[in-house]
Amino acid sequence: MQKDPREPRPQVKKHNVNVATLLGLIPGIGQFYNRRIIKGSIMLVLATAFVLTFAQFLNIGYWGLFTLGTMQGVDDSRTLLIQGILSLFLTVVAIGFYAACVIDARRDAVKIQNGWKIPSVRTALSDWFDNAFPYLLVTPGLILLVFVVVFPLLFMVLLAFTNYDRYNAPPGNLLEWVGFQNFMDIVNVPIWRDTFVSVFSWTLTWTFGATTLQIALALLLAIIVNDKRIKFKRTIRTVFILPWAVPAFVTIMIFSALFNDNFGAINRDILEPLLGFGLPWMSDPFWAKTAIIMIQVWLGFPFVYALFTGVLQSISSDWYEAADVDGGSKWQKFRYITLPHVLFATAPLLIMQYSFNFNNFNIIYLFNEGGPAVRGQEAGGTDILISWVYDLTFQNSMYSMAAVVSIIMGMMVAIFAFFQFRRSRSFKEEGQV
């Protein structure tokens with residue numbers, strides 16, 4: 001008579017869970033105790049191969065990570081730093097594999113003690129494939145993410161704690177760990193402190209000024225064009241979106257020529273005939289910043305305008321008719337109907353506009369390469385943090401200080417984005433709105 005598979009099996013008290021767990025500390029042995037011979041053999045082979053293959057690499061990697069080299073002219077601190085980071089990654093993988101071996105041995109032991117019948121090899125492989133299939137699909141993407149995103153970030157963070165600059169560059173010199181000295185220099189050394197305060201304040205002014213102006217202009221134009229009394233809306237909308245169709249770098253280069261102090265059309269053909277003098281758009285920091293903000297408004301408003309135009313057309317006219325019945329003014333209809341609806345639908349993209357302009361390197365560099373120069377300052381008059389990092393890295397070879405500024409930038413953008421997205425209603429679940 002065949003047994004009912006749903007009938008509970010008797011417990012196997014002889015099979016000790018603690019023994020299986022302790023044996024699992026050696027990869028594969030715990031599985032042998034559970035009579036999972038093939039699984040245990042695979043784990044034991046993988047563990048042995050890992051140790052034999054990477055033992056020497058891990059040894060050199062951790063040595064280099066702690067010392068950054070000991071023989072000047074022979075050891076390259078940058079290579080040792082990279083090997084150290086790779087050793088950290090391999091260690092994380094090894095710890096994960098080791099923990100999986102121990103947990104697997106204990107889990108199977110518990111099942112066996114409760115009467116679980118060990119499956120055949122074919123059934124075990126089928127079950128493993130069914131459970132592991134989603135992880136197999138995402139694993140290549142995760143590996144790529146680690147080496148494309150995590151690895152450079154970790155290298156940059158570690159670089160911020162070294163003395164890597166133009167006076168102490170490998171391979172001729174060895175790097176040293178300096179702790180938080182570079183971060184303290186940003187605060188304590190006058191030239192670094194003054195430059196950072198100046199660049200940081202201009203970065204915030206640039207981000208909120210240029211972005212807010214382009215959003216305000218786009219909203220104003222979208223509301224005007226959406227008015228029922230406006231004719232030829234399609235043509236007007238097409239014209240307003242044209243600046244978006246031209247590549248940004250081409251537009252910036254054209255504006256750079258137009259704003260030139262000596263031969264630019266804005267001075268020569270507009271201001272000088274009207275006022276009798278031109279403005280120092282390229283040589284004075286204030287006018288250079290003004291020009292850059294105006295150019296960014298020109299470049300950025302078409303995208304926001306297209307967003308707002310689409311959202312405005314989705315607002316039901318019944319709402320405005322109901323407001324008219326209640327005696328609502330135009331301002332009240334804008335404040336309580338138009339503005340909340342537009343902001344609710346576009347808030348995440350508007351936040352991205354602020355984040356984009358915070359790191360908008362192209363316009364700063366292409367207009368006048370962050371200039372003009374400012375006396376007693378390491379950065380140019382229009383340099384924002386990202387363009388200053390570029391100068392520190394590729395122009396002045398101050399790699400560790402560039403890493404410090406990059407970390408500060410990343411933390412600010414992350415904090416800003418986190419709180420804004422958390423507070424944005426568009427990212428909340430339906431029941432949380």
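**Helix packing and local backbone features**

Val178 is partly exposed, its relative accessible area being 27%. In this predicted model, Val178 sits in the loop that runs between α5 and α6. Setting aside neighbours within four places in sequence, Val178 is in contact with Phe161, Thr162 and Asn163. A longer separation is found for Val178 and Asn262, which are 84 residues apart in sequence and have C-alpha atoms 47 Å apart in space. The loop between α5 and α6 also holds Pro171, and a cis peptide bond, with omega of about 5°, joins Pro170 to Pro171.

We can turn next to the helices on either side of this loop. Helix α5 (residues 121-159) packs with helix α4 (residues 77-113): their axes come within 11 Å and cross at roughly 125°. That angle makes α4 oblique to α5, because angles of 65 to 115 degrees count as roughly perpendicular and those over 145 as roughly antiparallel. The crossing in which α4 passes α5 is right-handed. On the α4 side, the residues that meet α5 are Arg78, Leu81, Ile82, Ile85, Leu86, Leu88 and Phe89; their partners in α5 are Val146, Phe147, Val150, Phe151, Leu154, Phe155, Leu158 and Leu159. By class, this contact of α4 with α5 comprises 14 nonpolar residues, no polar residues and 1 charged residue.

Beyond the loop, helix α6 (residues 181-188) has Asn182, Asp185 and Ile186 buried. These residues cover an arc of only 105° around the axis, so they lie on the same side of α6. A helical repeat helps in reading such a pattern: an α-helix has 3.6 residues a turn, so residues three or four places apart point the same way.

A second helix pair is formed by α8 (residues 233-245) and α11 (residues 285-314), which pack at an angle of about 140° with axes 7 Å apart. The two helices, α8 and α11, are therefore oblique to each other, and their crossing is left-handed. From α8, the contact draws on Arg237, Phe240, Ile241, Pro243 and Trp244; from α11, it draws on Trp298, Phe301, Pro302, Phe303, Tyr305, Ala306, Thr309 and Gln313. The contact of α8 with α11 divides into 10 nonpolar, 2 polar and 1 charged residues.

Single residues elsewhere add to the picture. Phe358, found in helix α13 (residues 330-358), is buried, with a relative accessible area of 7%. Apart from neighbours within four places in sequence, Phe358 is in contact with Thr203, Leu204, Thr207, Ile384, Leu385, Met409, Met412 and Val413. Between Phe358 and Lys289, 69 residues apart in sequence, the C-alpha to C-alpha distance is 14 Å. Ile384, one of the contacts of Phe358, is 342 residues along the chain from Ile42, and their C-alpha atoms are separated by 54 Å. Ile42 itself belongs to helix α3 (residues 37-67) and is partly exposed, with a relative accessible area of 47%.

Some backbone details deserve a friendly word of attention. Most residues other than glycine have a negative phi, and most peptide bonds are trans. Arg35, in the loop between α2 (29-33) and α3, has a positive phi of about 65° although it is not a glycine. Glu369, likewise not a glycine, has a positive phi of about 55°. Glu369 lies in the loop between α14 and α15 and is exposed, with a relative accessible area of 53%. Pro372 is also found in the loop between α14 (361-368) and α15 (385-395), and a cis peptide bond with omega of about 5° joins Gly371 and Pro372.

Notes:
Residues are numbered from 1 along each chain as its sequence is written. This is a predicted model: local features need pLDDT of at least 70, side-chain atom pairs count only at pLDDT 80 or more; totals for chains, interfaces and linings use all residues. Side-chain values use heavy atoms; hydrogens and water are left out. Axes are lines fitted to C-alpha atoms, for helices over the stretch in contact, and angles run from 0 to 180 degrees between N-to-C directions. Helices (H or I, at least four residues) and strands (E, at least two) are DSSP runs, numbered from the N terminus. Angles under 35 degrees count as roughly parallel, over 145 as roughly antiparallel, 65 to 115 as roughly perpendicular and the rest as oblique. A crossing is left-handed if the near helix is turned anticlockwise from the far one by less than a right angle, and right-handed if clockwise. Contact means heavy atoms within 4.5 Å. Ala, Val, Leu, Ile, Met, Phe, Trp, Tyr, Cys and Pro count as nonpolar, Asp, Glu, Lys and Arg as charged, and the others, Gly among them, as polar. Buried means under 20% relative accessible area, exposed over 50%, partly exposed in between (1.4 Å probe, protein chains only). The arc is that of the directions from the helix axis to the C-beta atoms.
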